[in-house]
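Reader: Could you put the model up and talk me through it? I would like to start with how far it can be trusted and then move on to the fold.

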Amino acid sequence: MTNYFQKRINQWSLSVIIILFIINILNIIYNTPMVPDQHWAQKIFYVHVPSAWVGFLSYFIVMISGFMYLTSRDNRWDNIGLAASEIGTFFISLVLITGPIWATPIWGQPWVWEPRLVTTLILFLIYIGYFMIRAYGGYIERMKRNAAALGIVAFINVPIIFLSVQFWSPDIQSHPQVEMTEQPSEILSPFIFSLIVFTMLYTVMIRYRVYVIHLNNGMNEDV
Amino acid sequence: MFLVLLKKELFIELRSKELILSMVVFGIAIVLAFSFSSNLSRAVVINYASGMFWITVLFVSALGVHRSFAYEKEYDAFSMLVTAPIDRGLIFLAKWVSGFIYLTLMEILIIFPFFKFLMIDYPSNILIAISTTLLVNLGIMAVANLVSGIAMRSNLSEILLPILFFPLVSPIIIAATKISTGVMLNESYGVWEIWVLIVGSIIIISGLAGYALFDYLVEE
């Protein structure tokens, strides 16, 4: 098997994403406007929301790959599911870290049971269980099937978890940036750019992680 | 075939009485712990009684459903069960309905000590209280059996079950607490209707997911 970075396309994609990511960070720091009352805290939103988008996209991919694995028994789908769950949990962790960092100066405390953050936390806990199933699942084929099933069950529960948390305490304030289309273009443009860069970063990460898992599985089979 | 499987589940318990007995004793022990931790303050107990009840049910159902699947692990009975020419989704349905029956029995046995230990009054509309409790029991057991199906044959099933079960069942716990509080305070149905719909949706989603996925989960 050729080294991942021996392929020209992989070298290019990594170089492009590193450059774009640096531009994105500099853009967020220097080019985005300071929102009154929020100041620097608002800038975390350009990382927080794209991380949430990528995290939930990743968990959606876990569900799809779980479904595909159960119907086809093709190990490639299991590899994609594992890679997506790991990277998704990384981005969801970022959401859970950046959310309270933003909330501390704005709402006066890090945790106010905001429905989206609570849903994210519940999903994060389910995925900790997902990794435990992967680690302690026993017989490998059964473990893969159980993980695939859990990936499906976890994601189909997201709307219901969100709804129940939202109705649970309707007086709790939601994110201030609910309507993105109403934001001025100097906020909207860097936000969309950040969203695109995060999505591109995600595709590079998941391709590389799938390659490493595939390599790892091959080595285990050789042993 | 479903009735045969259900009969098998109920007969095992009827002979040993192990499951229901342990669920009831565990339930009463939790109620006792809640009574001590509330300092018997009426303000705390009245506000938190519904939550206490459903947390008790949550812990007990985790214990019950784990035991119900552990029976199958002994002597590898599950392998024999899945080799039978039956729809495996029916095994899930039989476990779901039997779990629902055990949980309801347990609640019947602990409800009296629960109200007496915490010194609270029974709800005035008993029929509504019973019907909503039955609905929530159905939801809890649907999720519990689905999760147990996923975790049962892993190496750490007794740890994995609550780790997966508690976050997945959180919408039902929120809904159950809201419904019971509404019933206890004699609020009109319209106030807590949304929670009944949420529990109903979870029953449908978890029931269908369990029925469809169980075939893959129990495969050898």
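**Confidence and fold**

Author: This is a predicted model, and chain A has a mean pLDDT of 89, with 92% of its residues reaching 70 or more.

Reader: Which elements of chain A have the lowest and the highest mean pLDDT?

Author: Among the elements of chain A, H6(A) has the lowest mean pLDDT, 83, while helix H2 of chain A, residues 45–72, has the highest, 95.

Reader: What is chain A built from, helices or strands?

Author: Chain A has seven helices and zero strands, so that, read from the N terminus, its elements follow the order α-α-α-α-α-α-α. Its C-alpha trace spans about 60 × 45 × 25 Å along the principal axes.

Reader: And how many helices does chain B have?

Author: Chain B has eight helices, again with zero strands, and its pattern along the sequence is α-α-α-α-α-α-α-α. Taken along the principal axes, the box filled by the C-alpha atoms of chain B is roughly 55 × 35 × 30 Å.

Reader: What does the radius of gyration of chain B say about how compact the chain is?

Author: Chain B has a radius of gyration of 18 Å, which agrees with the value near 17 Å that a compact globule of 220 residues would have.

Reader: What share of each chain is buried?

Author: In chain A, 35% of the 223 residues count as buried, and in chain B the share is 43% of 220 residues. As for contacts with a separation of 6 or more, residues 24 or more positions apart account for 77% of them in chain A and for 84% of them in chain B.

Reader: Switching to the interface, how many residues of each chain are involved?

Author: On the chain A side 25 residues are in contact with 26 residues of chain B. The elements that give two or more residues to that side of chain A are helix H4 (115–136), helix H5 (140–156) and helix H6 (158–168), and the largest share, eight residues, comes from H5(A).

Reader: What is the split into nonpolar, polar and charged on that side?

Author: The residues of chain A on the side that touches chain B divide into 17 nonpolar, six polar and two charged.

Reader: Where is the largest nonpolar core centred, in terms of contacts?

Author: The largest nonpolar core has 113 residues, and those with the most contacts inside it are B:Val143 and B:Val147. The largest share of this core, 13 residues, comes from H2(A). As background, nonpolar side chains tend to be buried together in soluble globular proteins.

Reader: Which residues does B:Val143 touch, beyond its neighbours in sequence?

Author: Leaving aside neighbours within four places in sequence, B:Val143 is in contact with B:Phe165, B:Leu168, B:Val169, B:Ile172, B:Ile202 and B:Ser206.

Reader: Back to H2(A), then; why is it described as largely enclosed?

Author: H2(A) is largely enclosed by the rest of the structure because 20 of its 28 residues are buried. From its first C-alpha to its last H2(A) reaches 40 Å, close to the 40 Å expected at 1.5 Å a residue.

Reader: What happens just after H2(A)?

Author: Just after H2(A), A:Arg73 takes a positive phi of about 60°, and this is a positive value in a residue other than glycine. A:Arg73 sits in the loop between H2 and helix H3 (75–107) of chain A, and it counts as partly exposed because 14 other C-beta atoms lie within 10 Å.

Reader: Which residue of chain B has a positive phi near 55°, and where is it?

Author: That is B:Met119, a residue other than glycine with phi near 55°, and its place is the loop between helix H5 (88–117) and helix H6 (126–151) of chain B.

Reader: Is B:Met119 buried or exposed?

Author: B:Met119 is exposed, because it has 11 other C-beta atoms within 10 Å and the cut-off for exposed is 12 or fewer.

Reader: One last spot: where is A:Pro184?

Author: A:Pro184 is in the loop between H6 and helix H7 (185–222) of chain A, and it is exposed, with 9 other C-beta atoms within 10 Å. The C-alpha atom of A:Pro184 is separated by 30 Å from that of A:Phe90, 94 residues apart along the chain.

Methods
Residues are numbered from 1 along each chain as its sequence is written. Chains are lettered from A and ligands numbered from 1 in the order in which they are written. This is a predicted model: local features need pLDDT of at least 70, side-chain atom pairs count only at pLDDT 80 or more; totals for chains, interfaces and linings use all residues. Two residues are in contact if their C-beta atoms, placed from the backbone, lie within 7 Å. Helices (H or I, at least four residues) and strands (E, at least two) are DSSP runs, numbered from the N terminus. Ala, Val, Leu, Ile, Met, Phe, Trp, Tyr, Cys and Pro count as nonpolar, Asp, Glu, Lys and Arg as charged, and the others, Gly among them, as polar. pLDDT is the predictor's confidence in each residue, from 0 to 100. A nonpolar core is a set of buried Ala, Val, Leu, Ile, Met, Phe, Trp, Tyr and Cys residues joined through C-beta atoms within 7 Å. The expected span of a helix is 1.5 Å times one less than its number of residues. The radius of gyration is taken over C-alpha atoms; the globule rule is 2.2 Å times the number of residues to the power 0.38.
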